[in-house]
Amino acid sequence: MSLPADPYVSDPARPATSAVRPWWRWLFVLPGLGAVLYGVYGLLTAGSRVPLGSWLTWFVGSALIHDLVIAPIWIGLGWLAARLLPASARPAAVAGVAVAGLLAIVALPFVLGVGADPANPSFLPREYGRNLLLVDAGVLVVAAVWAAVATIRARRTD
């Protein structure tokens with residue numbers, strides 16, 4: 001007995017029409033497009049309140065950082081995970097690395113001390129680099145425990 005075809009896989013022979021199914025995809029696509037259009041409208045009608053040159057630099061820079069730094073690192077980590085980790089441990093590893101990476105990106109301005117003023121020591125009063133390492137280490141330990149438990153459970157059922 002063969003398995004039924006996956007209804008969510010696009011058909012290479014008909015890429016434009018197979019991407020519109022199933023119908024509930026549009027429940028996610030349309031609000032997202034609406035939010036993008038609202039943002040573009042706000043950007044274009046803000047006048048001098050938004051410096052378009054600085055905004056364009058940030059927008060293009062973030063796309064380049066993603067495409068030239070973040071995506072290759074993520075692809076490399078995925079390649080390593082596929083070769084080194086058992087299949088049952090991969091979801092935990094992916095979630096752990098994604099959360100740790102996101103925390104690092106959010107905390108980066110604090111770690112670098114962006115906007116710090118030596119005359120105002122209360123502006124960035126914490127050890128943000130150390131704290132980021134501690135939080136990321138905690139996230140990765142939880143992910144490792146999750147991966148170990150998932151691997152043990154998978155081996156018991158085999």
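So, how much accessible surface does the chain have, and what share of it belongs to carbon and sulfur atoms? The accessible surface comes to about 12,500 Å², and carbon and sulfur atoms account for 74% of that. Keep in mind that this is a predicted model.

Okay, the overall layout. We've got 5 helices and 0 strands, so to speak a plain α-α-α-α-α pattern when you read along the sequence. The chain has 158 residues, and 11% of them count as buried. On contacts: take the ones between residues at least 6 apart in sequence, and 48% of those join residues at least 24 apart.

Let's go to helix 2, residues 26-45. Its 20 residues span 28 Å from the first C-alpha to the last, close to the 28 Å you'd expect at 1.5 Å a residue. How many of those 20 residues are buried? Just 1, and helix 2 is hardly covered. Right after helix 2 ends, look at G47, which takes a positive phi of about 65°.

Now the helix pair I wanted to show you. In general, you describe two packed helices by the angle between their axes and the distance between the axes. Here, helix 4, residues 90-112, packs against helix 5 at an angle of about 170°, and the axes sit 8 Å apart. Anything over 145 degrees counts as roughly antiparallel, so helix 4 is roughly antiparallel to helix 5.

Who is touching whom? On the helix 4 side, the contact residues include P91, V99, L103 and F110. Over on helix 5, you'll find Y128, L132, V139 and W146 among them. And the make-up of that contact between helix 4 and helix 5: 19 nonpolar residues, 2 polar and 1 charged.

Two more residues while we're on helix 5, which runs over residues 128-157. Start with L133, which is in this helix. Is L133 buried or exposed? Its relative accessible area is 63%, and the cut-off for exposed is over 50%, so L133 is exposed. L133 is 30 residues from L103 in sequence, yet their C-alpha atoms are 9.9 Å apart in space. L103, remember, is one of the helix 4 residues in the contact with helix 5.

The other one is V145, also found in helix 5. V145 has 48% relative accessibility, and because that falls between the 20% and 50% limits, V145 counts as partly exposed. As for its distance to A89, the two are 56 residues apart along the chain, with 9.6 Å between the C-alpha atoms of V145 and A89.

That's the tour, thanks.

How values were computed: Residues are numbered from 1 along each chain as its sequence is written. This is a predicted model: local features need pLDDT of at least 70, side-chain atom pairs count only at pLDDT 80 or more; totals for chains, interfaces and linings use all residues. Side-chain values use heavy atoms; hydrogens and water are left out. Buried means under 20% relative accessible area, exposed over 50%, partly exposed in between (1.4 Å probe, protein chains only). Contact means heavy atoms within 4.5 Å. Accessible areas come from the Shrake-Rupley method with a 1.4 Å probe; for residues, only the protein chains shown count as cover. The expected span of a helix is 1.5 Å times one less than its number of residues. Axes are lines fitted to C-alpha atoms, for helices over the stretch in contact, and angles run from 0 to 180 degrees between N-to-C directions. Angles under 35 degrees count as roughly parallel, over 145 as roughly antiparallel, 65 to 115 as roughly perpendicular and the rest as oblique. Ala, Val, Leu, Ile, Met, Phe, Trp, Tyr, Cys and Pro count as nonpolar, Asp, Glu, Lys and Arg as charged, and the others, Gly among them, as polar.
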